[in-house]
Amino acid sequence: LTTPRLILRLAEPDDIPALLRFHAANAAHLAPTSPLRPANFLTEQFWREAVAHDRAAFAQGTSARFALFARHDPGTVIGALNLNNIVRGAAHYGDLGFALGAEYEGQGLMSEAARVAIPFAFSDLRLHRIKACYLPSNLRSARLLRRLGFVIEGYARHYLLIQGRWQDQVLTSLIRQDDESLPPPAAQAGGA
Ligand SMILES: CC(C)(COP(=O)(O)OP(=O)(O)OC[C@H]1O[C@@H](n2cnc3c(N)ncnc32)[C@H](O)[C@@H]1OP(=O)(O)O)[C@@H](O)C(=O)NCCC(=O)NCCS
């Protein structure tokens, strides 16, 4: 996927050095909103497995995890936008997650990325609902989701294990508005 300033795509093995640079540079910036990282997080071996896992999961339709690259500097990873935990059956939803490198915040870049990823999720991935949640203290995330049209649906206590502590999250979602009359997706069989 492309936008005026960004390329969103699955990472490839050749991107591993750029992924390592991004995560090394932003370890402190992303720590407050991330799970504790495994000891080998900043190693090539970890990312080799992660890239292979993400590509297989995309092929199986269970996630779409995009690395974000600046169009003017396509060798540099500037963030990530992920659609995780895609559930079919009667649900057809997925969880949205996102992160920008510290130096790229405040420029509208994640809004720009989300504005192509959301139509992709609703049309190509045929999701009906995109869920997203954030720490109550994460005002940037709250503003971004509100701008994108996400609506608060609840407050989940002890919802995610972030930095080794179960932490509360504000739950939001965006619902596809135009699919009432669509035929059921092919992957309808089974599940709740
Ligand atoms: C959450 C996160 C992605 C939001 O990033 P962001 O840069 O604030 O989001 P956007 O891309 O929507 O940018 C909007 C900001 O850019 C500003 N901006 C500047 N130029 C802009 C432009 N051309 N177009 C739009 N907005 C622009 C907006 O005014 C807005 O700033 P404001 O919120 O202070 O008013 C980022 O803070 C982040 O990665 N945080 C750490 C990880 C994290 O929290 N992840 C989410 C866990 S739930």
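Helices (H or I, at least four residues) and strands (E, at least two) are taken here as DSSP runs, numbered from the N terminus. The model is predicted, so local features need pLDDT of at least 70 and side-chain atom pairs count only at pLDDT 80 or more, while totals for chains, interfaces and linings use all residues. Residues are numbered from 1 along each chain as its sequence is written, and side-chain values use heavy atoms, with hydrogens and water left out.

A good place to begin is the ligand. Its shell, made of residues with a heavy atom within 4 Å of it, holds 21 residues, the closest being Glu105, Met110, Ser111, Arg140 and Arg147. At least two shell residues come from each of α2 (27-30), β4 (93-100), α4 (109-123), β5 (129-134) and α5 (139-147); α5 gives the largest share, with five. By class, nine shell residues are nonpolar, eight polar and four charged, with Ala, Val, Leu, Ile, Met, Phe, Trp, Tyr, Cys and Pro counted as nonpolar, Asp, Glu, Lys and Arg as charged, and the others, Gly among them, as polar.

Polar contacts to the ligand (pairs of N or O atoms within 3.5 Å) include a polar side-chain atom of Glu105, 2.4 Å from a ligand oxygen. The backbone takes part too: a backbone N or O atom of Gln107 lies 3.2 Å from an oxygen atom of the ligand, and a polar backbone atom of Leu109 is 3.0 Å from one. On its own the ligand has 950 Å² of accessible area, of which the protein covers 71% (Shrake-Rupley method, 1.4 Å probe).

Elsewhere, strands β6 (residues 151-162) and β7 (residues 165-175) pair in the antiparallel sense over eight bridges, where pairing requires at least two DSSP bridges. Val151 stands opposite Ser173 in β7. Two residues separate the strands of this hairpin, in which Gln163 adopts a positive phi near 55°.

Note on methods:
Polar contact = N/O pair within 3.5 Å; in protein donor to acceptor, adjacent residues only side chain to side chain.
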